[in-house]
Structure formats: structure tokens, C-alpha cells
Amino acid sequence: MAARRALKAVLVDLNGTLHIEDAAVPGAQEALKRQAILPVQLTNMLRGSSVMVRFVTNTTKESKRDLLERLKKLEFDISEDEIFTSLTAARNLVEQKQVRPMLLVDDRALPDFKGIQTSDPNAVVIGLAPEHFHYQTLNQAFRLLLDGAPLIAIHKARYYKRKDGLALGPGPFVTALEYATDTKATVVGKPEKTFFLEALRDTGCEPEEAVMIGDDCRDDVGGAQNVGMLGILVKTGKYRAADEEKISPPPYLTCESFPHAVDHILQHLL
């Protein structure tokens with residue numbers, strides 16, 4: 001890993017770190033709003049001239065517009081240009097490849113693909129789509145892949161946290177299609193290196209100048225550390241005991257929740 005530099009950017013996961021569906025993680029709003037902790041004028045705890053904040057998410061259940069509305073209802077002060085999603089990354093790749101995708105995504109995510117031609121598909125884009133993960137639709141995707149269509153996975157998370165407990169993510173379904181067709185998906189979300197680099201691109205920061213905070217040891221922390229960032233694992237959301245032992249090197253820090261992570265950054269990294 002490259003030598004550490006002065007911290008310039010903090011990437012923050014959303015679901016499981018700041019909120020779980022329609023409920024905020026206790027203390028998360030206050031951690032973003034606390035003021036006058038740094039020597040520069042801040043509008044909240046992390047933002048300011050010395051540190052940029054980006055909120056990064058693998059969510060494919062809703063469009064960026066709907067996600068922002070959800071966050072505003074939870075009283076998070078977040079602007080659209082501070083959010084980078086795997087849906088954005090997937091759309092960018094579809095446009096680069098100039099393909100017509102079969103969109104295996106939740107209907108609420110479709111606005112992020114507005115203007116993309118989807119008739120007579122010659123590619124498969126798969127995200128988290130519980131209502132569409134049935135035999136007939138998956139078999140249609142299977143046949144397209146057998147005919148040579150590329151498989152684009154918005155991410156391959158094994159599971160995620162809902163209010164009623166852990167639930168299967170898109171990863172098992174992506175892996176099933178890969179196995180059945182002897183192909184390999186192009187993955188665009190976390191933990192792919194390109195996702196983190198794209199999220200940092202408009203900050204002007206190098207990975208060695210950034211920290212990632214998240215509840216997924218592999219996708220958030222492991223992915224970030226693989227590109228040279230520091231990774232902080234929080235014990236909320238999908239975290240399970242001993243998750244920090246599942247990656248090597250282990251997380252830079254494991255702490256109880258997002259507010260604790262921010263306190264550490266303010267006290268030790270700035």
C-alpha cells in the first residue's frame with residue numbers, strides 16, 4: 001500500500017451505515033450535522049474546505065432521485081451531486097458498450113436508465129430485483145447470454161440488511177447465470193476498483209488521501225483498501241460478528257457505528 005497522505009476525502013456507504021431502509025442508524029444525522037470541530041469553517045461535521053464527502057452505494061432498488069428523497073425524509077443533509085451509485089456506473093458502461101440491455105432491476109431503478117434503448121436486447125444488466133428473480137425471467141437472461149450477450153452485474157453482494165433481517169442480494173443470481181452459461185460478469189459496483197476510482201474522480205483526490213466507512217467488510221472495506229484507501233468497518237447494518245477477520249489485510253478500524261467512525265477521523269486522521 002502506498003504511503004498515507006493528508007486526508008482529503010471520506011466515502012460513506014448508505015444502507016446499513018447511515019440508514020436501514022426507512023430508519024436512520026442512531027446518531028447518524030447528528031454526526032453529519034455537528035459543527036465547529038475543525039479549525040476551518042464547516043457546514044457540518046465532515047464537510048468543509050479540507051475534507052470532501054461522497055456517499056457511495058450499491059443500491060439498485062431505487063433511482064438516485066428516490067434515494068435522495070428517502071434520505072431527505074430521514075433528515076440527512078445530502079445533495080444529489082454528493083451521491084455516487086452503482087446504477088450510475090452501470091449506465092455509464094452500457095453507454096460505453098453501446099448495447100441494448102435486458103434490465104433485471106427493480107422497477108424503481110428504471111428512471112436511472114431513461115433514454116437507454118432496451119428493445120431487442122443484446123446484453124443483460126442485473127441488480128437487486130426480487131420481484132423479477134423468477135424462473136421465466138432468469139431463463140430469458142440465460143438464453144441471451146448463451147447467444148453471446150455480455151452480462152453486466154451492478155454488484156455481486158451476497159446479502160443485505162432489511163428491517164426484517166438479512167436478505168439475499170443479487171450476487172447468488174449473478175453467480176447462477178455465470179455458472180449456467182460458463183461466462184463471467186463485468187461487475188461495476190463495490191468492491192470493484194473502478195467504482196471507488198470513479199467515486200473519487202471529481203474530488204481530485206488519490207486513494208491514499210481517502211477513507212471509506214461501511215458495514216460490508218468485503219465490498220466496502222476490502223474493496224476500498226484494495227485501491228489504497230483506509231477502510232473503517234461499522235458494526236451496524238449487515239455486519240456480523242468476526243466479519244473483520246474475513247479480509248486481509250483487516251480493516252484499518254472496526255467501530256460501533258458511523259458517529260464513532262467520524263469521531264475517530266476527526267481525532268486521529270485530520
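**Exercise 1: salt bridges**

Find how many salt bridges the whole structure holds, and look at the one that joins R54 and D202.

*Solution.* Keep in mind that you're working with a predicted model. Start with the total: a search through the whole structure turns up 15 salt bridges. Now pick out R54 and D202, whose side chains meet in one of these pairs, with 3.5 Å from N to O. To count, a side-chain nitrogen of Lys or Arg has to be within 4 Å of a carboxyl oxygen of Asp or Glu, and 3.5 Å passes that test. Next, place both partners on the chain. R54 belongs to strand β4 (residues 52-57), while D202 sits in the loop between α6 and β12 (210-214). They are 148 residues apart, so this pair links distant parts of the chain.

**Exercise 2: two domains face to face**

Describe the contact of domain 1 and domain 2: how many residues does each side give, and how much area do they bury between them?

*Solution.* First get the bounds from the domain assignment: domain 1 covers 9-58 + 190-269, and domain 2 covers 102-187. Then count the residues in the contact, which come to 12 from domain 1 and 10 from domain 2. For the area, here's the general idea: the size of an interface is often given as the accessible area lost when the parts come together. Here, domain 1 and domain 2 bury about 1100 Å² between them, and 50% of that is on carbon and sulfur atoms. Zoom in on the domain 1 side, where E21, N58 and K238 lose the most area to domain 2; together they make up 40% of what that side buries. Last step: look for salt bridges across this interface, and the rule finds 0.

**Exercise 3: enclosed spaces**

Work out how many cavities of 30 Å³ or more there are, then say what lines the largest cavity and the second largest cavity.

*Solution.* Some background before you count: rolling a probe the size of a water molecule over the atoms shows where empty space is left. In this structure, there are 3 cavities of 30 Å³ or more.

Take the largest cavity, with about 270 Å³ of space. It has 22 lining residues, and those closest to its centre are N15, N58, T59, Y160 and K238. Two elements give two or more residues each to this lining, β9 (159-162) and α7 (217-226), and β9 gives the most, 3 residues. Sort the lining by class and you get 5 nonpolar, 8 polar and 9 charged residues. Domain 1 and domain 2 each supply at least three residues to it.

Move on to the second largest cavity, which holds about 120 Å³. Its lining includes A157, R158, Y159, D215, D216 and K238, and α7 provides the largest share, 3 residues. By class, that makes 3 nonpolar, no polar and 8 charged residues. Where does this cavity lie? Both domain 1 and domain 2 give residues to the lining of the second largest cavity, so it lies between them.

**Exercise 4: the largest pocket**

Find out which elements line the largest pocket and which classes of residue they bring.

*Solution.* The largest pocket has about 200 Å³ of space. Read through its lining: F84, A89, N92, L93, Q96, T186, V187, V188, T194, F195 and E198. Elements giving two or more residues are α3 (86-97), β11 (186-187) and α6 (193-201), with α3 giving the largest share, 4 residues. The class split is 6 nonpolar, 4 polar and 1 charged.

While you're on α3, check R91, which is also in this helix. Leaving out residues up to four places away in sequence, R91 touches D112, F113, K114 and I116. The C-alpha atoms of R91 and F113 are 6.4 Å apart, with 22 residues separating them along the chain.

**Exercise 5: unusual backbone**

Locate the cis peptide bonds at P191 and P249, and the positive phi of Q98.

*Solution.* Most residues other than glycine have a negative phi, and most peptide bonds are trans. Begin with K190 and P191, which are joined by a cis bond with omega about 10°; P191 is in the loop between β11 and α6. Then go to S248 and P249, where the bond is cis with omega near 0°. P249 falls in the loop between β13 (230-234) and β14 (253-255). Finish with Q98, whose phi is near 55°, in the loop between α3 and β6 (101-104).

Note on methods:
Residues numbered from 1 in each chain as written. Predicted model: local features only at pLDDT ≥ 70, side-chain atom pairs only at ≥ 80, totals over all residues. Heavy atoms only, no water. 1 Å grid on protein atoms, 1.4 Å probe; cavity = no way out; pocket = protein on both sides within 12 Å on 5 of 7 lines; lining within 4 Å. Points joined across faces, edges and corners; volume = space filled by probe spheres on them. Nonpolar A, V, L, I, M, F, W, Y, C, P; charged D, E, K, R; others polar. Domains from an automatic or database assignment. Buried area = accessible area lost by both parts, 1.4 Å probe. Contact = heavy atoms within 4.5 Å.
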